[in-house]
Structures are given as structure tokens and as C-alpha cells.
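Let's take a walk through this model together, starting from one spot in the fold and working outward. Keep the structure open beside you as you read.

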Amino acid sequence: MRYSDDIIEEVRQKNDIVDVVSQYVKLTRKGSSYFGLCPFHNEKTPSFSVTPGKQMYYCFGCGAGGNVFNFIMEYENYTFGEALKHLADRAGVELPKIEYSREVREKVQERTELLEINKQAAQYFYYQLRTEKGEQGYQYLTGRGLSEETLRKFGLGYSDKFGGGLYQFLKSKGYSDDRLRESGLFNVDERHGMYDKFWNRVIFPIMDVNNRVIGFGGRVMGDGKPKYLNSPETKIFDKSRNLYGLNVARTTRQKYLILCEGYMDVISMHQAGFTNAVASLGTALTSGHASLLKRYTQEVLLLYDSDEAGVRAALRAIPILREAGLNSRVVNLRPYKDPDEFIKNLGAEAFEERLKQASDSFMFRVSVAESEFQMEEPQGQNRFFERCAEMILELKDELERNLYIEAVVRKYRGQYGISTEDLKKRVNTLALKGTPAEYRVQPKKSQDNTAKKKKENASEQAQKLMLTWIVTYPKIFDKVAQYLTPEDFVVPLYREVAGMLFAQREEGDVNPARLLNSFTDSEQQREVASLFNATIHLETPKEQDQAFADTLLRIKTESLAEKNRNWNPADIAGLQEIIKAKKELEELGRKRRELHISFE
């Protein structure tokens, strides 16, 4: 069971979409709509529109669109229920208690209990750090220079050397073994039964962007293995889609986020005032991480360790960030290994200066490539510039390719005598050969991204345009209804939407944002939103009349063709209907000059 349509609509109406979106995107008014840079893809020219009259948003660049619920769901990665509650709380609407199905109720209860177990565990670890048993962990953390305020801010804790304390504590709270097993906090075997997964470790609670504890990381005290241990993936913890410290960093006023290697890097940087630092959770950067970063910034500074492993990690991360539409730069920490060591030796001001000096990620790759060749030999130089040409070919934008050709030449002209013309020739030669470099270096695209969308035909464009007109200019609906019915829209989804709009017209309230509440599938929501944002440039009343007549006739023509295709030769009554419809269409064509319309 779900909340009633009336409750959902009340919450939507009390959350003006311009007010809500403005909390996330800087909007500028242009005519009857507001525009800004889309938060869901990388762009330099605003194509993201918010229309108060429709109470909907739409991006003409990437196709993201919907009402205020869709925006919060997509931006915050919420379910519909979570978005509804968030907006209800924002508007002061008290949601009634509802009865869920048994299956839904069990899933909600399971998720709630797992979050509560993690919260209780975090409190247990936090308390243990301040007991006699936790002295070793406390000394380790304070010995790393962490203040008491930082320990509290990140909820740092300790698990003692005996692996049963947390289990006993949570059993005393009444949790079942099945639920505790699902939490990922315990191991089970025949000899020991169920016992704590984390023991003799400093504990780092992992929080999602809404400050809920969803997992843990633990650093062993002493020489035990592994050095760092993380919670396994559970129904509330997906390490490829969460970042440590993002719950704090997402509110930063900085224009970029800093991506580090581990927990201590993030914590020491936050303590030094760099509260825009985050880290992946014991795994290499993934496309999920990049998409998450894209919600909060346009630029990422890579701050991996300066050793060989750190360089490799940066090289892996750069194309992933690029694919997500993020700009990236690489910070040079040498001669120090990590940010904690750098800050302790040179201070926060020197660290701030290093951030400002961060290298362009492409030129960083060029510098790393240079170290792989014998540059004192002509053969090594030739192979190096061949590699540079391969990397330049990965860039799809011609202007960007030319800019980096100039940058590479500028850097190496004096030392090796390379010219712009030399490098351009090499790039063009490789392009003609069809170099495989882009396939070797670029991350794999998902099937959804690589699949080409079917190009709309003229009939589909006409149907979308008509649906846009009747929600944008409700006064023309009466005239449209003289000639069209929902059945004239031959695309099934368009017909469904048209039927809902015609029903709203009968009720006296054409409301596309409310209509969108009926669609739960995200792809359908995007497509429906696009139906209300078709565009055509019209300036004069004559152009308006002609466009309206052309669109109306095309819809009717395709509707008749569809009836003809589906006609059963044995259906005489159906044949008579087709003949009648054909005569009406011919008559409408003769009357097209009478189809005056006013888009006001």
C-alpha cells in the first residue's frame, strides 16, 4: 500500500520546484522559466530549465526531467518514499501512518534494524575507545595528532582484543542472530559460533550522505593482517557507491572536492581545515563513486600517495572522472608520502599552496609517460611523442586536442625541439591508422550509455509537440479536443499521457507535475518529462497557425494509418470507420486555414 494521491499531491504543491531546486542549483530567470547548469551532467552552457507554471524541470542536454519528487530522488539518490518524507518534513506536512504489504513491511523493518544495529555498534566502539581496554587505540589516534574534537566529529572508536564484546552487547538489545549476521559485523564458524568481525582495531564509522552509519573500517593495532579491514557489502552498504567523509564534504563552500586514499588522510585534512576531502572505501575509484562526486562538484583534486601505487591509482581514476563529466587535477605531495605527513611538516598554508599548484590531469599523464622512456635517446623520444599523440587522440573535442598539442609542445620544445606541426602530423597519422589507444585507456561505458537511442520520426515529434502545447498553453486545449482524442496518439506511452491530460481537462485542472506522480519507473519519468518540453521556434502568428495545422494533420494522418494497419478485413464496421475517418481528414486538410491558434 502507498500514500494516497491526495497526500502526495499536497506535499508536491507545498514544495515549489523553483525553491527546492535553488537549494542545489544556481538559477537565473529567463522569461517564464529559470535556467542553470545541469547537476546531472557536465556542461558549460546552461541547458537545465525549471518551469514554475508546469512545476517541472528538464535538461535539454541530457534529458533529465520530472517534478520535485524526481529531482530529489535523482539528486539525493532517494527512493520515492524517502523523497516524499524529505519534502513533507520540509513543508511541515505530517504523513499519515499507512499499512504496508507484508513483503514491503519486512524489507523496511530489515533496513531500519540494520541501520539501528550499526548505530548501536558505533556507540559501543566509541565508548570502548575511552575505557582502559581502548587505551592502545586512543594513544594511537592522539599520537597521530588527532584532537579530542576530531575523535568526536568522526565518531572514532575501538574494538578490544577479545572478539565477543559487540556480539554480547547487541544480543542484550534483543537483535536476532539472523539480523546480526546480515549486518556484516560478525563472522560465523562451527568452532566459535558467531563472533565479532572487528577486534583489536581502531574503528572508523562509515556514514552515508545523510549521516547514517552504514558500515565500518578498522585499522589493526600492531602487526596483524590485514592492516585495514572494511565491512562487507550489505543491504545498506555498497562501497562502490559511497565515499568516506562525503557527509561533511558535501556542504563545503569550496568549488572542488579532494579525493584521498584512506580514512586517516580525510580525517587529518578535515582537522587542518580542508573539509572538502573524501576517500573511497578500501576499493579503487569506480564509476559509481564518480557519479556520486558529480552531484556535488564539477572538479576533483586527486591526492593519492606520492609512491608508485599512488601514481597508478591516479592514472586509473583520471579517465573514470572524465567519463563522468568531471574535471580533475593531480596534487604533487613530494617529498612527502601523504597529506598527513605533508601538513605536519610544512603546515596548512603550504598545503593550500600545493592544492593551487595541482597539475592538469592530462599533463600529469604526460609527465608519467615521460618517465617510462629513455628520453636521452632519439628512439625513446620518438616513442614518448607517439604516446602523447595516442593520448591526445582520446580527446573527442577538436579544440581541446589542439590546446593540449600546444601544451605538450610548450613543455618539451626547448629540450627536444618538438614543434606544433610535428605533433599534429603524428596525431593525424595515428588517426588515419585508427589507433586503438582510446579503447585501451578509456573506461568501459555501460550498455545504457553506448546504446544509441532510436531517432524520433516526424509522427512522434508531432505528438510530443502537441502534448507540450496543451500543458504550456491550456487555453488551446478546447480547440485541440475538437479534432483529437487520446486514441489519435499512436505511441502507447504518449496515448496514456494524453488520456490522463484529457481527464484532467474534464476536471478543470491540467497539471503535468501531478500526472508525473503516476509513473514510478525512472526511465518512464524522463520520457514523460520530455513530452512536455518539445521545442519549435515560432515568431509570428502565421507561423504559429501553420505549425499547429501541420502538427494536428500529421497526428491525424498517422492515427488513420495505424487504424488501417491494424484493420481486420473481416471487420466491415471497422472499414466503415476508416472510410469515415479518411473523409474527415480530407475535410480537415481543406479547412487548415481555419485552424487559427494563439500561443499566449
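Glu-76 counts as buried, because its relative accessibility is 5%, and buried here means under 20%. Bear in mind as you look at this residue that the model is predicted. Glu-76 belongs to helix H3, which covers residues 68-76. Which residues is Glu-76 in contact with, once its neighbours within four places in sequence are left aside? They are Tyr-24, Arg-250, Arg-295 and Tyr-296. The chain also brings Asn-210 into this picture: Glu-76 and Asn-210 are 134 residues apart in sequence, yet 9.1 Å separates their C-alpha atoms in space.

That pairing of distant residues fits a wider pattern. Among contacts in the protein chain between residues at least 6 apart in sequence, 64% join residues at least 24 apart. The protein chain has 600 residues, and 48% of them count as buried. About 31,700 Å² of the chain is exposed, with carbon and sulfur atoms supplying 47% of that area. Its secondary structure comes to 27 helices and 16 strands.

Now let's turn to the sheets. In general, the strands of a sheet pair through backbone hydrogen bonds, either parallel or antiparallel. One open sheet here is made of 4 strands in the order E6-E9-E10-E11, with antiparallel pairing. Strand E6 (157-159) and strand E11 (228-230) are at its edges with a single partner strand each, so one side of each has no neighbour in the sheet. From one strand to the next, the twist averages 35 degrees. To find your way in, look at strand E10 (residues 213-220), which pairs with E11 in the antiparallel sense over 3 bridges. There you can pick out Arg-219, whose bridge partner in E11 is Tyr-228.

Helices lie against this sheet as well. Helix H11 (residues 263-271) packs on the sheet, where it touches E9, E10 and E11, and its direction makes about 75 degrees with that of E9. Helix H6 (residues 135-143) lies across E6, strand E9 (201-207) and E10, and runs at about 70 degrees to E9.

A further open sheet has 5 strands in the order E13-E12-E14-E15-E16, and its pairing is mixed. Strand E13 (277-279) and strand E16 (359-360) are the edge strands, each pairing on one side only. E12 and E14 run parallel and are joined by 4 bridges, and Leu-257 stands opposite Val-300 in E14. Helix H13 (residues 308-323) packs on this sheet and touches E14 and E15, its direction making about 175 degrees with that of E14.

Our last stop is helix H14 (residues 339-356). How far apart are the end C-alpha atoms of this helix of 18 residues? They are only 14 Å apart, short of the 26 Å that a straight helix would reach at 1.5 Å a residue. Look along H14 and you will find a kink of about 115 degrees centred on Gly-347.

Several residues of H14 are buried, including Phe-342, Ile-343, Phe-351 and Leu-355. The cover over the buried residues of H14 includes H11, strand E12 (256-260), strand E14 (299-302) and strand E15 (327-330). Asp-340 also lies in H14, and it counts as buried because its relative accessible area is 8%. Leaving aside neighbours within four places in sequence, Asp-340 is in contact with Arg-144 and Ser-268.

Technical notes
Residues are numbered from 1 along each chain as its sequence is written. This is a predicted model: local features need pLDDT of at least 70, side-chain atom pairs count only at pLDDT 80 or more; totals for chains, interfaces and linings use all residues. Side-chain values use heavy atoms; hydrogens and water are left out. Two strands pair if DSSP finds at least two bridges between them. Helices (H or I, at least four residues) and strands (E, at least two) are DSSP runs, numbered from the N terminus. Axes are lines fitted to C-alpha atoms, for helices over the stretch in contact, and angles run from 0 to 180 degrees between N-to-C directions. Contact means heavy atoms within 4.5 Å. Buried means under 20% relative accessible area, exposed over 50%, partly exposed in between (1.4 Å probe, protein chains only). Accessible areas come from the Shrake-Rupley method with a 1.4 Å probe; for residues, only the protein chains shown count as cover. The expected span of a helix is 1.5 Å times one less than its number of residues. The bend at a residue is the angle between axes fitted to the seven residues ending there and the seven starting there.
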